[in-house]
Amino acid sequence: MKVRIELDEGRTEDEVVICCQSLTEEIKMIQSAVASITSPRQNIILYREETEYYIPLEDILFFETEGAILNAHTRENVYQARYRLYELENMFDGNFVRVSKSSLVNLQEIYSLSRSSLSTTSVISFIGTHKQVFVSRHYNKQLKEKLSDRRKR
């Protein structure tokens with residue numbers, strides 16, 4: 001892969017262009033990294049009772065469905081989201097990953113991943129809270145790959 005920087009003092013705005021043969025995982029990671037550096041802090045609208053909150057996306061530990069309700073967990077609070085889990089999965093492609101049929105976690109907030117002694121699932125823990133999320137066997141490999149990719153950056 002070649003990296004090229006062109007200086008143009010006449011430009012009014014910086015632009016990053018990626019030229020590639022196909023959209024590989026490596027290219028997606030580069031796109032995600034550039035987007036996370038250049039995009040402003042992203043908020044998501046969440047609800048508690050009749051109040052609407054604008055919560056920074058990086059404050060969300062995980063999203064979890066409970067019946068028909070989608071909860072967004074921060075360290076201190078639980079909010080309701082008016083989305084479907086798959087919609088959030090598509091919206092937050094880079095930092096969030098599916099870990100079960102009912103959960104989507106923020107990769108930046110994972111503190112530890114331990115095997116459950118009772119089954120073949122794993123348990124995710126987060127810094128500064130007692131909250132935990134179970135990783136189903138089906139999503140375990142995908143999660144470990146995403147965590148490995150994060151470490152390589």
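## Salt bridges

The side chains of Glu-15 and Arg-11 come together in a salt bridge, with a nitrogen-to-oxygen distance of 2.6 Å, in what is a predicted model. Glu-15 is exposed, at a relative accessibility of 54%, whereas Arg-11 has a relative accessible area of 42% and is therefore classed as partly exposed. The structure holds four salt bridges, and two others among them are described below.

Glu-109 and Arg-75 also form a salt bridge through their side chains, here with 2.5 Å from N to O. This pair links distant parts of the chain, since Glu-109 lies in the loop between β7 (103-106) and β8 (110-115) while Arg-75 lies in the loop between β4 (69-73) and β5 (78-81), and the two are 34 residues apart. Glu-109 has a relative accessible area of 15%, so this residue counts as buried, the cut-off for that class being under 20%. Its partner Arg-75 is partly exposed, with a value of 28%.

A further salt bridge brings together the side chains of Glu-89 and Arg-98, at 3.1 Å from N to O. In this pair Arg-98 is the buried residue, with 10% relative accessibility, and Glu-89 is partly exposed, with a relative accessible area of 25%.

## The β1-β2 hairpin

Strand β1, covering residues 43-48, and strand β2, covering residues 51-56, run antiparallel and are joined by six bridges. Within this pairing, Leu-46 has Tyr-53 of β2 as its bridge partner.

Two residues lie between the strands of the hairpin, and in this hairpin Glu-49 adopts a positive phi near 55°. As background to the strands on either side, side chains in a regular strand alternate between the two faces of the sheet.

## A nonpolar surface patch

Met-1, Val-3, Ile-5 and Leu-7 together make a nonpolar patch on the surface, with an area of about 590 Å². Ile-5, one of these four residues, belongs to the segment that precedes α1 (25-38).

Why does Ile-5 count as exposed? The relative accessible area of Ile-5 is 73%, and the exposed class begins over 50%, so the residue falls within that class. Membership of a patch requires over 30% relative accessible area, together with the absence of a salt bridge, and the value of 73% for Ile-5 therefore meets the accessibility part of that requirement.

Key
Residues are numbered from 1 along each chain as its sequence is written. This is a predicted model: local features need pLDDT of at least 70, side-chain atom pairs count only at pLDDT 80 or more; totals for chains, interfaces and linings use all residues. Side-chain values use heavy atoms; hydrogens and water are left out. Patches are made of residues with over 30% relative accessible area and no salt bridge: like charges are joined within 9 Å, nonpolar side chains (Val, Leu, Ile, Met, Phe, Trp, Tyr) within 5 Å. Accessible areas come from the Shrake-Rupley method with a 1.4 Å probe; for residues, only the protein chains shown count as cover. Buried means under 20% relative accessible area, exposed over 50%, partly exposed in between (1.4 Å probe, protein chains only). Two strands pair if DSSP finds at least two bridges between them.
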